[in-house]
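Biologist: Could you take one part of this model and go through it closely, starting from a single pair of side chains and working outwards to whatever surrounds it? I would like the cut-offs behind each term as you go.

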Amino acid sequence: MRDARYHLFLVLANAFWAGNFVVGGLIADSVSPLFLTMVRWVLATVPLFVLAALIEKPDWRAVFAEWRLHILLSCLGLTGYALFTYLALAHTSPVSASLLNSVGPALIAVVAVLLARERLSRTAVLGLALSLIGAVTVLARFDGGGIGLDLGVGTLFMLIAVSVFVVYTVLGRFLSSPPVSATAVQALIASAVLVPTTLVLGAPGPADGMTWLGIAFIGIFPSALSYLMWNLAVRGIGAARAGVYLNLVPFFTAIIGLVIGDPITWIQVLGGVLIVAGVVLTSRRPGAAHRTPPVPARSPD
């Protein structure tokens, strides 16, 4: 029964992270990406500190002692990644954005291997190739019998977001702070920087209640509750088993999109299958049947 509860937590966490893409896409035209990024972390900061105190009971002095790295990671993973993602969602569909985002875990595995000066296995090389082919497939478009790539501004913003998150995740491995506590401190830093920046630049906020409702959803569910359920599950069943569930994000994004009338194409389905297969293969290492590498406790969403 306890394992069933943890699996439920993982499903809900990834469903909420998928909701970030869908809701972010819906309100992208009604609020500036800067304002949305700012409010997201302002709303999430206090809940994250409460969750960290309840779950991890950290030594806050030790956590804040890593303030230099927290500032860098906050600028990358919380501010940069979110900002470029919301910029992308203003120009591309949530399904395409989430599928491109799914290439991140494969790239993270490759960068980690390169930094450790290990050799890539044939399986990892095959996985990386599948993920890249899947990403290209998602970007494919057919015009007048010809084949091209959708390299519009939305795609470019999403590729930048993925690249920023790869750097954020790799650098995050140098932290000794517990994951929720680290995210709470980084959310505080992001809020402290983004609030005055948003006021100075005059980034427009939402003009209607539904947009505010969407912002509240993003600030509470993908930004706070998902971290709670994810970390509880990781502690309960292990990072290796939990990591497989990250592949549910594009699946849930597509399902939610279908429910609200955002169709998914067969080319997106094909690209998604290739990306997920590539991520699974790239994440495997020698002896993976007996041991699977841990996944970061932070999510790409």
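Modeller: Both Tyr 81 and Phe 165 are buried, where buried means under 20% relative accessible area, exposed means over 50% and partly exposed lies in between, computed with a 1.4 Å probe on protein chains only. This is a predicted model, in which local features need pLDDT of at least 70 and side-chain atom pairs count only at pLDDT 80 or more, while totals for chains, interfaces and linings use all residues. Residues are numbered from 1 along each chain as its sequence is written, and side-chain values use heavy atoms, with hydrogens and water left out.

The two residues form one of the 12 aromatic pairs that the structure holds; rings of Phe, Tyr and Trp (its six-membered ring) pair if their centres lie within 6.5 Å, and planes under 30 degrees apart count as stacked, over 60 as edge-to-face and the rest as tilted. The ring centres of Tyr 81 and Phe 165 are 5.2 Å apart and their planes stand at 50°, so this pair is tilted. Because Tyr 81 belongs to helix H4 and Phe 165 to helix H8, the pair ties together parts that are 84 residues apart in sequence. Elsewhere, ring pairs link Phe 16, Phe 217 and Phe 221 into a cluster.

The helices that carry the pair come next. Helices (H or I, at least four residues) and strands (E, at least two) are DSSP runs numbered from the N terminus. The axes of H4 (residues 67–89) and H8 (residues 153–172) come within 8 Å and cross at roughly 160°, the axes being lines fitted to C-alpha atoms, for helices over the stretch in contact, with angles running from 0 to 180 degrees between N-to-C directions. H4 and H8 are therefore roughly antiparallel, since angles over 145 degrees count as roughly antiparallel, under 35 as roughly parallel, 65 to 115 as roughly perpendicular and the rest as oblique. Their crossing is left-handed, which means that the near helix is turned anticlockwise from the far one by less than a right angle, a clockwise turn being right-handed. Among the residues that make this contact are Leu 73, Gly 77, Tyr 81 and Phe 84 of H4, and Phe 157, Ala 161, Phe 165 and Tyr 168 of H8; contact here means heavy atoms within 4.5 Å. By class, the contact of H4 with H8 has 18 nonpolar, 5 polar and no charged residues, with Ala, Val, Leu, Ile, Met, Phe, Trp, Tyr, Cys and Pro counted as nonpolar, Asp, Glu, Lys and Arg as charged, and the others, Gly among them, as polar.

Leu 69, also in H4, gives another view of this region. The C-alpha atoms of Leu 69 and Gly 172 are separated by 8.2 Å, although the two residues are 103 residues apart along the chain. Leaving aside neighbours within four places in sequence, Leu 69 is in contact with Leu 171, Phe 174 and Leu 175.

H4 also packs against helix H2 (residues 33–55), at an angle of about 135° and with the axes 9 Å apart, and H2 and H4 are therefore oblique to each other. H2 passes H4 in a right-handed crossing, through a contact that includes Leu 34, Thr 37, Arg 40 and Trp 41 of H2 and Leu 78, Ala 82 and Tyr 86 of H4. The residues of the contact of H2 with H4 divide into 9 nonpolar, 2 polar and 1 charged.

From H2 the path leads on to helix H9 (residues 179–201), where Ser 181 is found. The axes of H2 and H9 come within 8 Å and cross at roughly 150°, which makes H2 roughly antiparallel to H9. The crossing of H2 past H9 is left-handed, and by class their contact has 18 nonpolar, 7 polar and no charged residues. Ser 181 itself is buried, with a relative accessible area of 0%, and, neighbours within four places in sequence aside, Ser 181 is in contact with Ala 52, Glu 56, Pro 58, Trp 60 and Val 63. By contrast, Lys 57, in the loop between H2 and helix H3 (60–64), counts as exposed at 62% relative accessibility.

For the wider setting, the chain has 13 helices and 2 strands, and 50% of its 301 residues count as buried.
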